[in-house]
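Here's a walk through the charged side chains of this protein, with a look at its overall layout along the way. Have the model open as you read.

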Amino acid sequence: MRINLDKSLIPLKFTLRVLDENFKLHFKEHKMLVNDDELNPVFKSRLYLDIYNEDDILILKNEKMVFGVPVGLYLSRDKNNNVNPEFPNAYIFPFSEDGIEREVNFDSLNDTVFIEFIERE
């Protein structure tokens with residue numbers, strides 16, 4: 001399922017239901033200056049995500065959105081491959097319809113890069 005974000009509302013926080021639990025997703029943009037030209041500054045934009053559980057406890061902070069990589073993948077299972085019950089049992093990841101890897105930023109969001117959500121069973 002595609003998560004349609006209105007990028008004009010970023011930073012954006014909303015609730016996502018995963019199986020029988022609610023999680024709050026907080027999408028943020030971070031701009032970084034990439035040159036030293038005071039008259040013509042150039043910024044690079046990246047998207048980040050925080051995830052909170054139903055009790056508003058932060059379980060993932062400032063996860064950079066990377067094309068094709070589920071956010072918090074390293075937190076979803078332990079070293080023995082057991083599911084982490086505190087983390088959403090879903091994959092949330094940026095992708096493109098044509099499968100071509102792209103930078104995930106404010107400008108590419110909903111243009112060439114989309115956020116996908118897939119529940120795991």
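Which residue forms a salt bridge with aspartate 98? In this predicted model, the partner is arginine 102, and the closest N and O atoms of the pair are 2.8 Å apart. Aspartate 98 counts as partly exposed, at 45% relative accessibility, and so does arginine 102, at 25%.

That pair belongs to a bigger picture, so to speak: the structure holds five salt bridges. Here are three pairs, including the one just described.

| Acidic residue | Basic residue | N to O distance |
|---|---|---|
| Aspartate 98 | Arginine 102 | 2.8 Å |
| Glutamate 97 | Arginine 2 | 2.9 Å |
| Glutamate 103 | Lysine 44 | 3.8 Å |

Take the salt bridge between arginine 2 and glutamate 97. Arginine 2 sits in strand β1 (residues 2–3) and glutamate 97 in the loop between β6 and β7, so the pair ties together parts that are 95 residues apart in sequence. Glutamate 97 is exposed, with a relative accessible area of 60%, while arginine 2 is partly exposed at 29%.

Then there's glutamate 103 with lysine 44. This pair also links distant parts of the chain: glutamate 103 is in the loop between β6 and β7, lysine 44 is in strand β4 (residues 43–52), and they are 59 residues apart. Both are partly exposed, glutamate 103 at 33% relative accessibility and lysine 44 at 35%.

Now for an acid without such a partner. Glutamate 116, in strand β7 (residues 114–119), is buried yet has no salt bridge. Its nearest side chain of opposite charge is arginine 2, 4.8 Å away; a salt bridge needs the nitrogen and oxygen within 4 Å. What glutamate 116 does have is a polar side-chain atom 2.9 Å from the backbone nitrogen of methionine 1.

On the surface, Asp20, Glu21, Glu54, Asp55 and Glu86 gather in a patch of negative charge. Of these, glutamate 86 is in the loop between α1 (73–76) and β6 (90–95) and is partly exposed, with a relative accessible area of 49%. There's a nonpolar patch as well, formed by Met32, Val34 and Val42, with about 250 Å² of accessible area together. Methionine 32 is in strand β3 (residues 21–33) and counts as partly exposed at 44%.

As for the overall layout, the chain has one helix and seven strands, in the order β-β-β-β-β-α-β-β. Buried residues make up 39% of its 121 residues.

Key: Residues are numbered from 1 along each chain as its sequence is written. This is a predicted model: local features need pLDDT of at least 70, side-chain atom pairs count only at pLDDT 80 or more; totals for chains, interfaces and linings use all residues. Side-chain values use heavy atoms; hydrogens and water are left out. Patches are made of residues with over 30% relative accessible area and no salt bridge: like charges are joined within 9 Å, nonpolar side chains (Val, Leu, Ile, Met, Phe, Trp, Tyr) within 5 Å. Accessible areas come from the Shrake-Rupley method with a 1.4 Å probe; for residues, only the protein chains shown count as cover. Lys and Arg count as positive and Asp and Glu as negative; His and the chain ends are not counted. The place of a charge is taken as NZ of Lys, CZ of Arg, CG of Asp or CD of Glu. Helices (H or I, at least four residues) and strands (E, at least two) are DSSP runs, numbered from the N terminus. Buried means under 20% relative accessible area, exposed over 50%, partly exposed in between (1.4 Å probe, protein chains only). A polar contact is a pair of N or O atoms within 3.5 Å; within protein, one must be able to donate a hydrogen and the other to accept it, and residues adjacent in sequence count only if both atoms are side-chain atoms.
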